[in-house]
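Okay, thanks for squeezing me in, everyone. I'll put the model up and then walk through it.

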Amino acid sequence: MIYLDKGFLAIDLGASSGKAVLGKIKKNKLEFIEVHRFENIPFELKNNIFWDFNNLYRNVIISLRKASELENVHVESVGIDSWGVDFGLVNIDGFLLCNPFHYRNAFNYDFMESVFEILPKEEIFKRCPTQFQPFNSLYQLYGLKRINRSAYEITGNVLSIPSLFYYFLTGKAFYEYTFATTTQMYNYKDRNWDGYLLDKLSLRNDFLPEILPPGTNLGKPLKAIRNEIGCEPDFICVPTHDTGAAVSAIPMNYRDTMFISSGTWCLTGIVTERPVRKSEVMKYNLANEGMWEEKNRLLANSTGMWLIQKLLKEWNSKSSDFDFSILTEMAGKSKGFKSFMDVNDKRFMKPSSMENAIKEYINTDLSRGEIVRLCLEGLAFDSRKTRELLEDLTDRKMNKIHIVGGGIKNDLFCQMIANANDKLVQTGPAESTAMGNIITQMISRGYLKDLNEAHDLIKNSIEIKTYTPEDAYLWDDFYSIKSMEGTG
C-alpha cells in the first residue's frame with residue numbers, strides 16, 4: 001500500500017466554515033494536508049436567511065487550484081460534502097436562480113404545520129421514516145412554492161448543496177443517496193423519490209434528479225474548469241451528507257457502540273442494517289438516514305456546540321477576549337449540577353441573546369463559567385437520554401461511545417459524556433467528515449478494498465483517546481432526580 005504521489009481532496013462545507021483537506025498514504029498511514037480554510041457566512045435579505053453561494057464557489061475553486069499546486073502530489077480525485085437538507089435551484093439553461101435558503105430560515109415560517117393539514121405525520125413517516133424538522137427539504141420545497149413561486153416554476157433541477165458544486169464543476173445533475181435520505185422525500189422501499197407525497201402536496205417531481213449511490217465516479221471536470229484549476233481529477237460522488245461521511249470514518253464495532261458526531265449540531269446514534277420503523281421513532285422524532293454500503297443510521301439530531309458558539313460570539317462582542325479553551329477552563333472551575341438544561345428547548349434555536357435565553361429558561365442568575373458548564377452538562381445528559389432510547393428501540397446494549405468531530409478537542413465535554421453514561425468513551429478522528437470523504441474516494445478508485453480495510457488504515461493513522469467514567473454515581477443520582485421531576 002504505497003501511493004506516495006496520489007492525493008485525494010475532500011472539500012468539506014460546514015455550516016460556519018469550509019475546508020479543503022488532501023489525504024495521501026505514506027508508510028501505510030493516512031497523511032493530511034490542509035489546503036484551504038474559509039468562512040461560511042450567511043446573509044439576511046427581506047427577513048430571509050440565505051447561503052452566500054458565490055463566496056462558497058469561489059473558495060471551492062481556490063481549494064482545487066491550491067491542491068493542484070502542491071509539490072510531488074497528483075490530485076487523483078475530489079469529493080464534496082456539506083450539511084444536510086438545503087438545496088439550490090438551477091434553471092433549464094443551467095443558471096443558478098437564487099442563493100439557497102439557509103435551513104434556519106424555516107423557523108420564520110410554519111410550512112411543516114401547513115403540510116400536516118394535507119398529509120398526517122403518520123402517513124409521511126410510513127413512507128419516509130425520518131425525523132420531523134421544519135427545515136427538512138420537503139417543507140422547504142413546499143414553502144418555496146409560496147414565497148418564491150416565480151423561481152419554483154422555472155426551475156430545471158433542484159440540487160442539494162454538494163450537488164450544486166458537482167453540477168457547476170462537472171455538468172452532472174444528481175442527488176446522492178445519503179443526502180437524499182435527509183430530505184423526507186426519499187422512499188426506502190421504492191429506492192427513489194416518493195411520488196405519492198409530492199403529488200399530494202402538488203409539488204413537481206420532474207425537477208428532482210436521479211439518486212446516485214456513494215462511490216459513483218462522475219468523471220473529469222468541465223474543460224473550462226480544468227483550465228481554471230490546473231488539474232484534471234476524477235470527481236467522486238462520496239457520501240455528500242457530512243454526517244454520512246463522518247460515520248463512515250469511525251473505526252468502531254457497529255453492534256455495541258453508539259456514535260456522537262459533535263459539532264454545531266450533536267448527532268447521536270447507532271448503525272442498523274435497515275431503517276427502524278417503530279412508532280416510537282416518530283414519537284421521539286428520531287431520524288433514519290442512509291450511509292455507505294446502504295446501512296442505516298438511527299439517530300437524534302440535537303443542539304450541539306451551537307450553544308457555546310453563540311455564547312462566545314455574544315460575549316466577545318462586548319469587548320471580552322474569550323476562546324473555546326478559556327470558556328472550557330471557566331466551566332471546569334465551576335460547580336456542577338446547579339440546574340438542569342434541556343439543550344433542545346426551542347428558546348435556544350435562534351435567540352437574540354443566548355445568555356438571556358438560558359437565564360430565562362433556568363430562572364437563576366449564574367456566572368459565565370456556570371452557564372458554559374450547564375450547557376456541557378445538558379449535552380452530556382442528552383446523550384444518555386438518547387442512548388437509553390436507542391437501546392430500547394433496538395434491543396441492543398451499547399457498551400461504548402465513540403465521539404468524532406470538533407467536540408473531541410474539548411476534554412471536559414468528552415469526560416462528561418463518559419460520566420453521564422457510565423460508559424467508556426473513545427474519540428477520534430476530529431476531522432472525521434473529511435476523512436470519511438477521503439476513504440470513500442480511495443475505495444471507489446480501488447486503492448482500498450472496503451470499509452474494513454479503511455478502518456484499519458485509520459486506526460493506524462490517528463490517536464484514539466479513551467475516557468473512563470468518573471463519579472458516575474453523582475451523575476446518575478442527579479439524572480434520576482430530574483427524570484422523576486419530568487425534566488430529565
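Before the first stop, one cut-off: when I say buried, I mean under 20% relative accessible area. And bear in mind that what you're looking at is a predicted model.

So, helix 4, residues 137-147. How many of its 11 residues are buried? Nine: 9 of the 11 are buried, so by that under 20% cut-off the helix is mostly covered. Among them are Ser137, Leu138, Tyr139 and Gln140, and further along Gly143, Leu144 and Lys145. Yes, a lysine is on that list: Lys145 counts as buried here. What do the buried residues pack against? On the helical side you've got helix 2 (111-116), helix 3 (121-127) and helix 5 (149-153). Then there are two strands, strand 7 (87-91) and strand 8 (155-160).

Okay, zooming out. The protein chain has 19 helices and 21 strands. Its radius of gyration is 22 Å, and the globule rule gives 23 Å for 488 residues, so the chain is as compact as a globular protein of that length. Along the principal axes, the C-alpha trace spans about 60 × 60 × 50 Å. Of the 488 residues, 61% count as buried. If you take contacts between residues at least 6 apart in sequence, 73% of them join residues at least 24 apart.

Now the outside. The chain exposes about 20000 Å², and carbon and sulfur atoms supply 46% of that. For charges, there are 58 positive and 63 negative, and their mean positions sit 1 Å apart.

Next, a sheet. This one is open, with 6 strands in the order 3-2-1-6-14-13 and mixed pairing. Which strands are at the edges? Strand 3 (29-39) and strand 13 (216-217), each pairing on one side only. Strand 13 is joined to strand 14, residues 234-237, by 2 bridges, and those two run antiparallel. If you want to find that spot on screen, look for Thr216, which stands opposite Cys237 in strand 14.

Last stop, a single residue: Thr243, in helix 10, residues 242-248. Is Thr243 buried or exposed? Buried, because its relative accessible area is 5%, and the cut-off is under 20%. Leaving out residues up to four places away in sequence, Thr243 touches Leu267 and Arg297.

That's my tour, happy to rotate things if anyone wants another look.

Conventions:
Residues are numbered from 1 along each chain as its sequence is written. This is a predicted model: local features need pLDDT of at least 70, side-chain atom pairs count only at pLDDT 80 or more; totals for chains, interfaces and linings use all residues. Side-chain values use heavy atoms; hydrogens and water are left out. Helices (H or I, at least four residues) and strands (E, at least two) are DSSP runs, numbered from the N terminus. Buried means under 20% relative accessible area, exposed over 50%, partly exposed in between (1.4 Å probe, protein chains only). Contact means heavy atoms within 4.5 Å. The radius of gyration is taken over C-alpha atoms; the globule rule is 2.2 Å times the number of residues to the power 0.38. Accessible areas come from the Shrake-Rupley method with a 1.4 Å probe; for residues, only the protein chains shown count as cover. Lys and Arg count as positive and Asp and Glu as negative; His and the chain ends are not counted. The place of a charge is taken as NZ of Lys, CZ of Arg, CG of Asp or CD of Glu. Two strands pair if DSSP finds at least two bridges between them.
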